[in-house]
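Colleague: Could you take me through one part of this model in detail, the open sheet and whatever sits around it? Take your time and keep it connected.

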Amino acid sequence: MSLLRRIERGQQQQNKDSGNNSPSLPANSGGYGGGNNSGGGDDPSRSEPRRSIRASLPSSNAAAGAREGYLDLKSRVQQKLLSELDPSMDTRSAEVRNTIEELFNTILAEENIVLSRAEKTKLFEQIVAEILGFGPLETLLADETISEIMVNGPKNVYVEQKGRLSRSNVVFENEDHVLRVLDRIVAPLGRRIDESSPMVDARLPDGSRVNAIIRPLALCGPTITIRKFSKKPLTVEDMIRFGSFTAEIAEFMRACVIGRLNVVVSGGTGSGKTTLLNVLSGFIPNDERIVTIENAAELQLRQEHVVTLETRSANIEGKGEITIRDLVINSLRMRPDRIVVGECRGGESLDMLQAMNTGHDGSMTTAHANTPRDCLARLETMCLMAGMDLPVRAIREQVSSALDVIVQIERLRDGSRKVVKISEVQGMEGDIITMSEIFEYEQTGFEAGKVIGRIRPTGLRPKFIDRIEAAGIHLPPSVFGIGMSRF
């Protein structure tokens, strides 16, 4: 009996078992295998051993039964294909796809299923995505215009394009389908997600960051958030072209990094902190030893001498957890020239500040904050989270002596991401940390849905200019808006 006939007979039996409560669909509903297309066997096409299932493929006019039949067909062909594949085959091999295609064509021929070329290609690509990739997410991951993917349960998938959110037409079959894809993401990293551990941070092979949370914490079903990264890391030239900052700002930040100033990139969620940190890290000379520390490895440094460290979650017994703070402490024994922490969000901030104060100049990190002043206040709070009973003044002295530059990046209301402030941390006056603005963004209007403005120098020369010049870099006075007057 052909696969098509089995689908039809199985759904007919299901409808008989469910009683007569459901009304029958008209015979011309455009679907197959729904069991309700006709009340009996009067349709002569049902006796044909071969038929096209073109009408069964999902479309805007197809009935729910048509989609169920299509998914059933896809599932059955996929399961048979999996049963015939050699489990010892390396799924990363380029030959696997050819092997799957040969088996796929054989199965369709054995089951007497006729498909048009477009239908066949679509079904094959979906099955390959389920076996070798990440199922329905594959098309979204391949779209370079999409910067973020948000799965809110199996039927609600949203994407971010050019800084704006929109709903995608991609859907999963059910919650189990989402969980299967999620398992394919976290399993290679040695991580797990289940009812006992319903949250996980992970990454895709290209470095894209993944966060997932499932029931019972997520009431709408498995929720996945994927922060995509460009296959080709953004460069300084790209950021200048996008209008994130100017060439003068790029020259100034390059001088700060080479001059071994300690830098914190501050901003809100989705403002582009990690991207900017990656760009700044690219200014580090190639002859220095760099240690990067992250929850999920996202940074894409191009230098040769880079050691990448990643945290580890607790095992099923609740043991074996390695935190950012543990890695920061361990990195001090690794003879680093630079320490780059993906994000400070807890007690590791105190260890990071102490590292900056004890011979690891030129280190960098990011922090969530809306302004540079808020960033200082949040660093104080995170240092208190380390559990040390330190007076606030002692913490502020650590912060003021460790930090040199705070770069504030922001996502504006038109979706664009721009550097809006660059501030110098000057020191202490009494119990207050003093700062000065070196560059500041000035908005001049809002036209055609776009924010109009520019980042300009404030005319103040930073106090750390001597350290930059000691590194052999001489910035022209015009960078700071002082005209051509000499310092």
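**A close look at the open sheet**

Modeller: Let's start from one residue pair: Ile 290 stands opposite Arg 338 in β12. Keep in mind throughout that this is a predicted model. The strands around that pair are β10, residues 290–294, and β12, residues 338–341, and they run parallel to each other over 4 bridges.

Now zoom out. The sheet is open and has 9 strands, and its order reads β11-β10-β12-β13-β9-β14-β15-β16-β17, with mixed pairing. At the edges you find β11 and β17 (450–457), each of which pairs on one side only. On average, neighbouring strands are turned by 25° against each other, if you ignore direction.

Two helices are worth a look here. Helix α10 (residues 324–331) packs on the sheet and touches β10, β11 and β12, and its direction makes about 170° with that of β10. Helix α13 (residues 392–402) packs on the sheet as well, this time touching β15 (417–429) and β16 (432–447), with an angle of about 120° between its direction and that of β15.

Follow the chain on from α10 and you get to the loop between α10 and β12, which holds Arg 335. Its phi is near 55°, a positive value in a residue that isn't glycine. Arg 335 counts as exposed, with 56% relative accessibility. There's a second case in the loop between α8 and β9 (263–267), where Arg 260 sits. Phi of Arg 260 is near 60°, again positive in a residue other than glycine. Arg 260 is partly exposed, at 24% relative accessibility.

With α8 in view, have a look at the space beside it. A search of the whole structure turns up 1 cavity of 30 Å³ or more, and the largest cavity holds about 40 Å³ of space. Which residues line the largest cavity? They are Phe 252, Met 253, Cys 256, Val 257, Val 263, Leu 280, Val 405 and Val 407. Helix α8 (247–258) and strand β14 (405–411) each supply at least two residues of that lining, and the largest share, 4 residues, comes from α8.

Back to the edge strand β11, for the charged pairs. Arg 191 forms a salt bridge with Glu 310, and the closest N and O atoms are 3.9 Å apart. Arg 191 lies in the loop between α6 (175–186) and β6 (199–203), while Glu 310 is in strand β11 (residues 306–310), so this pair ties together parts that are 119 residues apart in sequence. The two ends differ in how they are covered: Arg 191 counts as buried at 14% relative accessibility, and Glu 310 counts as partly exposed at 26%.

Right beside Arg 191 in the sequence, Arg 192 has its own partner, Asp 194, with the closest N and O atoms 3.1 Å apart. Here both ends are partly exposed, with 25% relative accessible area for Arg 192 and 27% relative accessibility for Asp 194.

Another pair is Glu 343 with Arg 345, where the closest N and O atoms of the salt bridge are 2.7 Å apart. Glu 343 is buried, at a relative accessible area of 12%, whereas Arg 345 is partly exposed at 40%. Salt bridges that share partners also join Glu 160, Arg 411 and Arg 417 into one network. The count for the structure comes to 20 salt bridges.

One last stop lies outside the sheet's strand order, at β8. Ile 224 lies in this strand, residues 223–227. Is Ile 224 buried or exposed? Ile 224 is buried, with a relative accessible area of 1%. Leaving out residues up to four places away in sequence, Ile 224 touches Ile 149, Met 150, Val 151, Val 178, Leu 182, Val 210, Asn 211 and Ala 212. Leu 179 is 45 residues from Ile 224 in sequence, and their C-alpha atoms are 9.9 Å apart in space. Between β7 (209–213) and β8 there is a loop that contains Pro 216. The peptide bond from Arg 215 to Pro 216 is cis, with omega near 10°.

Note on methods
Residues are numbered from 1 along each chain as its sequence is written. This is a predicted model: local features need pLDDT of at least 70, side-chain atom pairs count only at pLDDT 80 or more; totals for chains, interfaces and linings use all residues. Side-chain values use heavy atoms; hydrogens and water are left out. Buried means under 20% relative accessible area, exposed over 50%, partly exposed in between (1.4 Å probe, protein chains only). Contact means heavy atoms within 4.5 Å. A salt bridge is a side-chain nitrogen of Lys or Arg within 4 Å of a carboxyl oxygen of Asp or Glu. Two strands pair if DSSP finds at least two bridges between them. Axes are lines fitted to C-alpha atoms, for helices over the stretch in contact, and angles run from 0 to 180 degrees between N-to-C directions. On a 1 Å grid over the protein atoms alone, a cavity is a set of points where a 1.4 Å probe fits but cannot get out, and a pocket is an open set with protein on both sides within 12 Å along at least five of seven lines; lining residues have an atom within 4 Å of a point. Grid points are joined across faces, edges and corners, and a volume is the space filled by probe spheres set on the points.
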